[in-house]
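Me: Could you walk me through this one? I'd like to take it piece by piece.

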Amino acid sequence: MTVIRKTQAQEAVLSLLEAASTALSADEILQQIDVSVNKTTVYRMLERFVAAGKVHFVTDTDGKAHYALCSSGCKQNHTLHNHLHFQCKVCNQVECLPVKLEVPVLENYEVHEMQFLTVGVCPKCK
Ligand SMILES: [Zn+2]
Ligand SMILES: [Zn+2]
Ligand SMILES: [Zn+2]
C-alpha cells in the first residue's frame, strides 16, 4: 500500500467537494475518495475545513452532517450561511440551493451557527 501524505488526502477531499453537485456526508466522502483514509481522519479534516471557513455543513433529519464548500468570502461571516438547503426524502441527497434568506437579528443571543433545511422531493426524484 502506498503511503498517502496528509495534504494529498486533504486535497482529495476538497476537490471531491468542489466537484460534487450535492453536499456530501463523511460516509459519501469515504466511498468516493480515491485515496485510502480512515473515517476519523476524514472527520478531523472536515472539522478543520469548517474552522478555516472553507467548508460548511448542514445536519439532515437523521442528524447526519452533510458538507459543502463555502463560497469565497465566507470567512468573515462563517456562522451565517444564509442560503437554503434541501434534503430529498427519496434519494437522501442534501444540496445547497442558491436561494438567499434574510437572517433575523437575535438580540442578546450569541449565534454560533445557522442551518436552513427544507425537506421534500428533489427535481430528479419527482
Ligand atoms: Zn462558510
Ligand atoms: Zn432526490
Ligand atoms: Zn450550503
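Me: Over how many bridges do β4 and β6 pair?

Reply: Strands here are DSSP runs of E with at least two residues, helices are runs of H or I with at least four, and both are numbered from the N terminus. Two strands count as paired if DSSP finds at least two bridges between them. β4 and β6 (residues 117-120) run in the parallel sense, and in β6 the bridge partner of Cys88 is Gly120. The number of bridges for this pair is 4.

Me: Hang on, what kind of model is this?

Reply: Residues are numbered from 1 along each chain as its sequence is written, while chains are lettered from A and ligands numbered from 1 in the order in which they are written. Local features need pLDDT of at least 70, side-chain atom pairs count only at pLDDT 80 or more, and totals for chains, interfaces and linings use all residues, the model being predicted.

Me: Which residue of β5 is the bridge partner of Phe86?

Reply: β4 (residues 83-88) and β5 (residues 94-100) pair in the antiparallel sense over 5 bridges. They make a hairpin with 5 residues between them, and Asn92 in the turn has a positive phi of about 65°. Leu84 is matched with Leu97 in β5. For Phe86, the partner is Glu95.

Me: In what order do the strands of that sheet line up?

Reply: It's an open sheet of 3 strands with mixed pairing. β5 and β6 are the edge strands, each pairing on one side only. Neighbouring strands are turned by 30° against each other on average, direction ignored. Reading across, the order is β5-β4-β6.

Me: Which strands stand at the edges of the sheet with β1, β2 and β3?

Reply: This open sheet has the order β1-β3-β2, with antiparallel pairing. For example, β1 is joined to β3 (residues 65-69) by 2 bridges, and Leu24 has Tyr67 in β3 as its partner. Each edge strand has a single partner, so one side of it is left without a neighbour in the sheet; the two are β1 (24-25) and β2 (55-59).

Me: At about what angle does α3 run to β2?

Reply: Axes are lines fitted to C-alpha atoms (for helices, over the stretch in contact), and angles run from 0 to 180 degrees between N-to-C directions. α1 (residues 6-19) lies across β1, β2 and β3, at about 85° to β3. α3 (residues 39-51) lies across β2 and β3, and its angle to β2 is about 110°.

Me: How are α1 and α3 oriented to each other?

Reply: Their axes are 11 Å apart and meet at an angle of about 70°. Angles of 65 to 115 degrees count as roughly perpendicular, under 35 as roughly parallel, over 145 as roughly antiparallel and the rest as oblique. So α1 and α3 are roughly perpendicular.

Me: How many residues in the contact of α1 with α3 are nonpolar?

Reply: Contact means C-beta atoms, placed from the backbone, within 7 Å. Ala9, Gln10 and Val13 in α1 meet Thr41, Val42 and Met45 in α3. Ala, Val, Leu, Ile, Met, Phe, Trp, Tyr, Cys and Pro count as nonpolar, Asp, Glu, Lys and Arg as charged, and the others, Gly among them, as polar. That gives 2 polar, no charged, and a nonpolar count of 4.

Definitions and conventions: Contact = placed C-beta atoms within 7 Å.
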